[in-house]
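Got the model open in your viewer? Let's take a short walk through it, one selection at a time.

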Amino acid sequence: MKKFIKTSFFIGIMMLLFSCASMKMENKIIGSWKIEKVIHSNGKIEKGYKTLIFYNDKTVLSTNQNSDSIKGKWEFAPKTKELKIFNYTKEKWEKFEVLKLTKKEFIVTDQYKTAEAIRIKTLKNE
């Protein structure tokens, strides 16, 4: 019986730590990010032109240099490091693998390109 209690306690602690780590990583996404450069699969490098704003309520706003904006929603799966963004205009999900995520740097990739972004603003209601 004691072994069962110890095992249950250990599993509970591990689950709590994992959920805290997942939330911490997800919270790093929230804020404004400026895409600095895009590296295409063919090796072509171009300057980034978008700003992405990820909100606490899982909505996202994408703006470009012409001030055109696209609204959507986002999801993050910490176990697979997959970021999914739903584009309301195109009515489809775009999937990205998160390669790096720090307080200041955000690098994602898909099968066509890698985008490198820097944080330009952290939202106050984090």
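Start with β6 (82-87) and β7 (92-101): these strands pair in the antiparallel sense over six bridges. Strands here are DSSP runs of E, at least two residues long, and helices are runs of H or I, at least four, both numbered from the N terminus; two strands pair if DSSP finds at least two bridges between them. Before going on, a note on ground rules: this is a predicted model, where local features need pLDDT of at least 70 and side-chain atom pairs count only at pLDDT 80 or more, while totals for chains, interfaces and linings use all residues. Residues are numbered from 1 along each chain as its sequence is written, and side-chain values use heavy atoms, with hydrogens and water left out.

Now click on leucine 83. Its bridge partner in β7 is phenylalanine 96. On the β5 side, leucine 83 of β6 stands opposite phenylalanine 76; β5 and β6 are also antiparallel, over six bridges.

Next, the turns. The β6/β7 hairpin has four residues between its strands, and glutamate 91 there takes a positive phi near 55°. The β5/β6 hairpin has four residues between its strands too, with lysine 81 in the turn at a positive phi of about 55°.

Time for the largest pocket, with a volume of about 690 Å³. Of its 31 lining residues, Ile35, Lys50, Glu94, Phe96 and Lys113 are closest to the centre, so you meet Phe96 again. The lining splits into 17 nonpolar, six polar and eight charged residues. Among the strands that each supply at least two of them are β1 (31-40) and β9 (113-121). On a 1 Å grid over the protein atoms alone, a pocket is an open set of points with protein on both sides within 12 Å along at least five of seven lines, and lining residues have an atom within 4 Å of a point.

Now pick glutamate 26, in helix α1 (residues 2-29). Is it buried or exposed? Buried, at 14% relative accessible area, where buried means under 20% (1.4 Å probe, protein chains only). Setting aside residues up to four places away in sequence, glutamate 26 touches Lys58, Trp74 and Phe76, with contact meaning heavy atoms within 4.5 Å.

Last stop: leucine 101 in β7, buried at 11% relative accessibility. Beyond its neighbours within four places, leucine 101 contacts Met25, Lys28, Ile29, Trp33 and Phe106.

How values were computed:
On a 1 Å grid over the protein atoms alone, a cavity is a set of points where a 1.4 Å probe fits but cannot get out, and a pocket is an open set with protein on both sides within 12 Å along at least five of seven lines; lining residues have an atom within 4 Å of a point. Grid points are joined across faces, edges and corners, and a volume is the space filled by probe spheres set on the points. Ala, Val, Leu, Ile, Met, Phe, Trp, Tyr, Cys and Pro count as nonpolar, Asp, Glu, Lys and Arg as charged, and the others, Gly among them, as polar. Buried means under 20% relative accessible area, exposed over 50%, partly exposed in between (1.4 Å probe, protein chains only).
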